[in-house]
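Trainee: I'd like to learn how to read a structure like this one, feature by feature. Could we go through it together?

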Amino acid sequence: MGNTNEGSQNGTKVMEFILLGFPGSQYLQMSIFMLFLIMYVMSLLGNVAIIILVIANRRLHTPMYFFLCNLSFLEIWYTTASIPKTLAIFLGRSRSISFTGCILQMYFVFAFGCTKYFLLSVMAYDRYLAICDPLHYSTIMDNQLSRKLAAGSWLCGFLIIFIPAFLITRLSFCGPSVINHFYCNIDSWIVLSCSNTYDIEMAAFGTTVSIIVILGSCLITFLSYICIITTILHIPSVQGQQKAFSTCSSHLAVVLIWYGSTIFLFVKPSKRTSLEMTKIVNILNTIVTPLLNPFIYTLRNKEVKDAIRSSLH
């Protein structure tokens, strides 16, 4: 492994890292490989199908499904940023990844993750307007505003992760370069570093990601759903309540799964949290959630089911 000494910091500039993945027997490795491969392919097919379905059906050309297309497009690249390298590790190919490659992988995984938070909060706001202010919904949430909100989500997601990524490049590494994970995670960088990691811990777990991105978007989503549920409960007929709730139930299910897992990863006191537990929760984030989203929106959404029947006929 090519290393160069940094005399000024009494440390080592690591030129590559080794991704440990999931240690175990060859049988276990191949079993996990097949499981990951099947879920990855199904996730790609499901999210591509959602995008094609929305584009092909004029009835779905609304802000709600425009945001859903953005979410599906994001899920495709979110899983692709980490899973192909993970599959290569399971096959017994090179576990090494260059320092630059590791930084880029971490940046894109977390940039897509941050973008997803913003998109989910925008989708919650869209449902709030549709249910709580239906008379003015079409004039407020027009094509121009929906495009601006989607573009803003992508821009903010990719810009805000620059801070932790930049701070990571300033860390020095003195010991082993083995990352106990299946992709380059911020936790792993912190554990391996022999320099002061306070700034990066504060940026990733204290302010930038935890508070601004996660808790900020969570607050918007939470307040939107308080208003939505309050409005639904005031609808006199049960049928009307069910119809109103059906328009946001899919989004609510996705929000609960995503927020439940990622809040554990970022809203925590320090890097001492078990890396093994972090790996398990990351499986839920990087591959299980993107796989479930198309099924949730298909099975729980009447308009999508009608569009599928129409396309099949």
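Mentor: Let's begin with a single residue. Setting aside residues up to four places away in sequence, leucine 44 touches Ile76, Thr79 and Thr80, where contact means heavy atoms within 4.5 Å. Before going on, some ground rules: residues are numbered from 1 along each chain as its sequence is written, and side-chain values use heavy atoms, with hydrogens and water left out. This is a predicted model, so local features need pLDDT of at least 70 and side-chain atom pairs count only at pLDDT 80 or more, while totals for chains, interfaces and linings use all residues.

Trainee: Where does leucine 44 sit, and is leucine 44 buried or exposed?

Mentor: Leucine 44 lies in helix α1; helices are DSSP runs of H or I with at least four residues, strands are E runs of at least two, and both are numbered from the N terminus. With 23% relative accessibility, leucine 44 counts as partly exposed. On that scale, buried means under 20% relative accessible area, exposed means over 50%, and partly exposed is in between (1.4 Å probe, protein chains only). The C-alpha atoms of leucine 44 and proline 294 are separated by 9.7 Å, although the two are 250 residues apart along the chain.

Trainee: What does the overall tally look like for helices and strands?

Mentor: The protein has 14 helices and five strands. Of its 313 residues, 49% are buried. Among contacts with a separation of 6 or more, 77% are between residues 24 or more positions apart.

Trainee: Helix α1 came up already. Which residues form the nonpolar patch on the surface?

Mentor: Start with the rule: a patch takes residues with over 30% relative accessible area and no salt bridge, joining like charges within 9 Å and nonpolar side chains (Val, Leu, Ile, Met, Phe, Trp, Tyr) within 5 Å. Here the members are Met34, Ile38, Met42 and Phe295, which together have about 360 Å² of accessible area. Such areas come from the Shrake-Rupley method with a 1.4 Å probe, and for residues only the protein chains shown count as cover. Helix α1 (residues 26–56) gives the largest share of the patch, three residues. Methionine 34 is in helix α1 and counts as partly exposed because its relative accessibility is 40%.

Trainee: How many salt bridges does a search of the whole structure find?

Mentor: The general idea is that side chains of opposite charge can pair when their charged atoms come close. The cut-off used is a side-chain nitrogen of Lys or Arg within 4 Å of a carboxyl oxygen of Asp or Glu. The search finds two. In one of them, glutamate 75 pairs with lysine 116, with the closest N and O atoms 2.6 Å apart. Glutamate 75 lies in helix α2 (residues 63–80) and lysine 116 in helix α4 (residues 99–132), so this pair ties together parts that are 41 residues apart in sequence. Both partners are buried, glutamate 75 at 0% relative accessibility. Leaving aside neighbours within four places in sequence, glutamate 75 is in contact with Asn47, Lys116, Thr289, Pro290 and Asn293.

Trainee: And what do arginine 127 and aspartate 126 do?

Mentor: Their side chains meet in a salt bridge, at 2.9 Å from N to O. Arginine 127 counts as buried at 8% relative accessibility, and aspartate 126 counts as buried at 1%.

Trainee: How do I read a pair of helices, say α6 and α7?

Mentor: Two packed helices are described by the angle between their axes and the distance between the axes. The axes are lines fitted to C-alpha atoms, for helices over the stretch in contact, with angles from 0 to 180 degrees between N-to-C directions. For helix α6 (residues 143–160) and helix α7 (residues 162–169), the axes come within 5 Å and cross at roughly 20°. That makes α6 and α7 roughly parallel to each other; the label covers angles under 35 degrees, with over 145 roughly antiparallel, 65 to 115 roughly perpendicular and the rest oblique. Phe158, Leu159 and Ile160 in α6 meet Phe162, Ile163 and Pro164 in α7.

Trainee: One last residue: where does phenylalanine 182 lie?

Mentor: Phenylalanine 182 is in the loop between β5 (178–179) and α8 (186–192), and counts as buried at 1% relative accessibility. Threonine 86 is 96 residues away from phenylalanine 182 in sequence, yet their C-alpha atoms are 5.7 Å apart.
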